[in-house]
Amino acid sequence: MVVVHCHASSPYLRDPHHSALHYLLRRAPPSPPIIYATSPQPLSSSSPSAASTRRTLLVSIATTSFSSLILSPPSKSATNTEFFDLPNSGGVKALDLRAGTGATPVDGDQVAIHYYGRLAAKQGWRFDSTYDHKDSTGEPIPFVFTLGSGKVISGIESAVRSMQVGGTRRVIIPPSQGYQNTSQEPIPPNFFDRQRLFTTIFNPTRLANGEGSTLGTLIFDIELISISH
């Protein structure tokens, strides 16, 4: 029996030392496939025919394995395959996971979004998700806010401002565009999640040690659901 392990790496994270991408780069890809090949009949390991047969099997398996691991091209609905800097965002980086086809909001619009919120300083700990907030029918409740009101952290407003309804975007938000105080939204409804989030971001000892540039780095996956003018 011959076992060949093949590995593939993610194509869009180019800088493994970027602090804001620390969490994303720590997430290992799924275990690579294991391909088994068995010769049709037992062969003596010392015979020339056995060695020749094994070499043929290895070449055949390797060709099949690598061809099956070629990454498929981005979906036609995707507009970017790499993180890019959002204009006038204060350093927010974005990756469009799915392009929207609807309208784009403007300041003053009421927008509804779903999100996964993660904290880079806790190895990508997910501190909140609207998909976990369910109504009486079991449907997830989106987060609704007025764009430009200043009640929501700047990084989310910057991300949503250039999205289209139906789109999903991953953003890496630096501390300067994240939580500046404990009253800014979105606020995790769970007390313990909220306490852990804010005690990490506003930890006085770590801030005094100069860790402020990384403590508050946030990662949000945002889906723009609807716009109300």
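**Salt bridges, core and backbone of a predicted chain**

E211 has a relative accessible area of 25%, and this residue is therefore partly exposed. The limits behind that class are 20% and 50%: a residue under 20% counts as buried, and a residue over 50% counts as exposed. The model described here is predicted. The partner of E211 is R206, and the two side chains form a salt bridge with an N to O distance of 2.9 Å. R206 is likewise partly exposed, at 28% relative accessibility. Elsewhere, D107, E157 and R161 are joined into one network by salt bridges that share partners.

The structure as a whole contains 9 salt bridges. As a general principle, side chains of opposite charge can pair when their charged atoms come close. One of these bridges brings together the side chains of E223 and R98, at 3.2 Å from N to O. This pair ties together distant parts of the chain, since E223 belongs to strand 9 (residues 218–228) and R98 to strand 4 (residues 93–98), with the two positions 125 residues apart in sequence. R98 has a relative accessibility of 36%, which means that this residue is partly exposed. A further bridge joins D132 and R126, whose closest N and O atoms lie 3.0 Å apart. D132 has a relative accessible area of 46% and so is partly exposed. The value for R126 is 39%, which places R126 in the partly exposed class.

The wider frame of the chain can be given next. The secondary structure consists of 6 helices and 9 strands. The chain has 229 residues, and buried residues account for 36% of them. Among contacts with a separation of 6 or more, 69% are between residues 24 or more positions apart. The chain exposes about 13,000 Å², and carbon and sulfur atoms contribute 53% of that area.

From the surface, the description turns to the interior. In soluble globular proteins, nonpolar side chains tend to be buried together. The largest nonpolar core of this model has 30 residues, of which I156, F220 and I222 touch the most other members. At least two core residues come from each of strand 5 (110–119), strand 6 (125–129), strand 7 (143–146), helix 3 (154–161), strand 8 (168–173), helix 4 (191–201) and strand 9. Strand 9 supplies the largest share of this core, with 5 residues.

The surroundings of I222 can be listed in detail. With neighbours within four places in sequence set aside, the contacts of I222 are I113, H114, Y115, I156, A159, V160, M163, G167, T168, R169 and V171. One of these contacts, I156, is also among the residues named for touching the most other core members.

Strand 9 also holds I227. The relative accessibility of I227 is 17%, so this residue counts as buried. When residues up to four places away in sequence are excluded, I227 touches A103, T104, P105, D109, Q110, V111 and V165. A separate distance relates I227 to V144: these residues are 83 positions apart along the chain, and their C-alpha atoms are separated by 9.5 Å.

Helix 3 offers another buried position, S158. S158 is classed as buried because its relative accessibility is 13%. Outside the residues up to four places away in sequence, S158 is in contact with L86, N88 and S89.

The contact with N88 leads to the backbone. N88 is not a glycine, yet its phi is positive, at about 55°. This residue lies in the loop between strand 3 (84–85) and strand 4. N88 has a relative accessible area of 83% and is therefore exposed, whereas S158, which N88 touches, is buried at 13%. Q123, again a residue other than glycine, has a positive phi near 55°. Its location is the loop between strand 5 and strand 6. Q123 has a relative accessible area of 45%, so Q123 is partly exposed.

The peptide bond between E185 and P186 is a further backbone feature. This bond is cis, with omega at about 0°. P186 is situated in the loop that runs between strand 8 and helix 4. Strand 8 and helix 4 each give at least two residues to the largest nonpolar core.

Conventions
Residues are numbered from 1 along each chain as its sequence is written. This is a predicted model: local features need pLDDT of at least 70, side-chain atom pairs count only at pLDDT 80 or more; totals for chains, interfaces and linings use all residues. Side-chain values use heavy atoms; hydrogens and water are left out. A salt bridge is a side-chain nitrogen of Lys or Arg within 4 Å of a carboxyl oxygen of Asp or Glu. Helices (H or I, at least four residues) and strands (E, at least two) are DSSP runs, numbered from the N terminus. Buried means under 20% relative accessible area, exposed over 50%, partly exposed in between (1.4 Å probe, protein chains only). A nonpolar core is a set of buried Ala, Val, Leu, Ile, Met, Phe, Trp, Tyr and Cys residues joined through side-chain atoms within 4.5 Å. Contact means heavy atoms within 4.5 Å. Accessible areas come from the Shrake-Rupley method with a 1.4 Å probe; for residues, only the protein chains shown count as cover.
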